[in-house]
Amino acid sequence: MAIKKLLGLNRLAKPLTSEEGRRVLERDQYRCQYCGLDGMSSFENSLIMTVDFVHPRARKGAKTLNNLVTACRPCNVIKGRRVFKNLEGAKAYVLERRAELQKDWEDKMTRLRARAATVSK
Ligand SMILES: [Zn+2]
């Protein structure tokens, strides 16, 4: 018991079983509840679908259907262990962060393409 407490394992929900995960994925029709990526549109998309604890398991989030949503792995990683008021709050954060990351990526690609064009002349 003392060791569990030290490791922060007390009262954390158990990980999902595959059956519980499947139930969430099917309820959400395999669509990421943050960015909307459709896990049924391609095999590649289906591979990155995960189940997210809206209130993180690591922060004592409950393993209940209303605390679980389908999330693509990138959205799940971006959200991490942050705590939000609700799904809408989490979604707003994830989408804003994705937009920032996309802008950074576009700027970087513009720079790299410009450099490649200079080098090839
Ligand atoms: Zn997503």
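This report walks through a predicted model of one protein chain, from its overall layout to a few single residues.

## The overall layout

Let's start with the big picture. The secondary structure of the protein chain comes to 5 helices and 2 strands. Read from the N terminus, these elements follow the order α-α-α-β-β-α-α.

What box do the C-alpha atoms of the protein chain fill? Taken along the principal axes, the box is roughly 65 × 35 × 25 Å. The radius of gyration of the protein chain is 19 Å, whereas a compact globule of 121 residues would have one near 14 Å. Of the 121 residues, 20% count as buried. Among contacts in the protein chain with a separation of 6 or more, 54% are between residues 24 or more positions apart.

## The nonpolar core

Here is a general idea to keep in mind. In soluble globular proteins, nonpolar side chains tend to be buried together.

In this model, the largest nonpolar core has 16 residues. Those with the most contacts inside this core are Cys-32, Tyr-34, Val-69, Ala-71, Cys-72, Cys-75 and Val-94. Two or more residues each are given to this core by helix H2 (18-27), strand E1 (49-53), strand E2 (68-72), helix H4 (73-79) and helix H5 (87-120). Which element supplies the largest share of this core? That is E2, with 4 residues.

Cys-72 is a nice residue to find in the 3D view. Leaving aside its neighbours within four places in sequence, Cys-72 is in contact with Cys-32, Cys-35, Leu-37, Ile-48 and Met-49.

## The two strands

E1 and E2 run antiparallel and are joined by 5 bridges. If you look across from Thr-50, you will find Ala-71 in E2 standing opposite.

Is E2 mostly covered or mostly open? E2 is mostly covered, with 5 of its 5 residues buried. Both of its faces are covered. On one side are the buried residues Leu-68, Thr-70 and Cys-72, and on the other side are Val-69 and Ala-71, also buried.

## The helix H5

Now turn to H5, which has 34 residues. From its first C-alpha to its last, H5 reaches 48 Å, close to the 50 Å expected at 1.5 Å a residue.

Does H5 lie largely covered or largely in the open, and why? The number of buried residues among its 34 is 3, so H5 lies largely in the open. The buried residues are Ala-90, Lys-91 and Val-94, and the buried residues of H5 pack against H4.

Val-94, found in helix H5, is worth a closer look. Val-94 counts as buried because it has 25 C-beta neighbours inside 10 Å, where 20 or more are needed. Not counting residues up to four places away in sequence, Val-94 touches Tyr-34, Cys-75, Ile-78 and Lys-79. One of these partners is a long way off along the chain: Val-94 and Tyr-34 are 60 residues apart in sequence, yet 6.8 Å apart in space, C-alpha to C-alpha.

## Two residues with positive phi

Let's finish with the backbone. Most residues other than glycine have a negative phi, and most peptide bonds are trans. With that in mind, two residues in this model are good ones to inspect.

Gln-29 is not a glycine, although it has a positive phi of about 50 degrees. Gln-29 is found in the loop between H2 and helix H3 (43-47). Is Gln-29 buried or exposed? Gln-29 is exposed, because 10 other C-beta atoms lie within 10 Å of its own and a residue with 12 or fewer counts as exposed. The C-alpha atoms of Gln-29 and Gly-39 are separated by 7.8 Å, with their positions 10 residues apart along the chain.

Lys-60 has a positive phi of about 70 degrees, and it is not a glycine either. Where is Lys-60 placed? Its place is in the loop between E1 and E2. With 14 C-beta neighbours inside 10 Å, Lys-60 counts as partly exposed. Leaving aside neighbours within four places in sequence, Lys-60 is in contact with Arg-11 and Leu-12. Lys-60 and Lys-79 are 19 residues apart in sequence and 16 Å apart in space, C-alpha to C-alpha.

Technical notes: Residues numbered from 1 in each chain as written. Predicted model: local features only at pLDDT ≥ 70, side-chain atom pairs only at ≥ 80, totals over all residues. Core = buried A, V, L, I, M, F, W, Y, C linked by C-beta atoms within 7 Å. Contact = placed C-beta atoms within 7 Å. Expected span 1.5 Å × (residues − 1). Rg over C-alpha atoms; globule rule 2.2 N^0.38 Å. Pairing = 2+ DSSP bridges.
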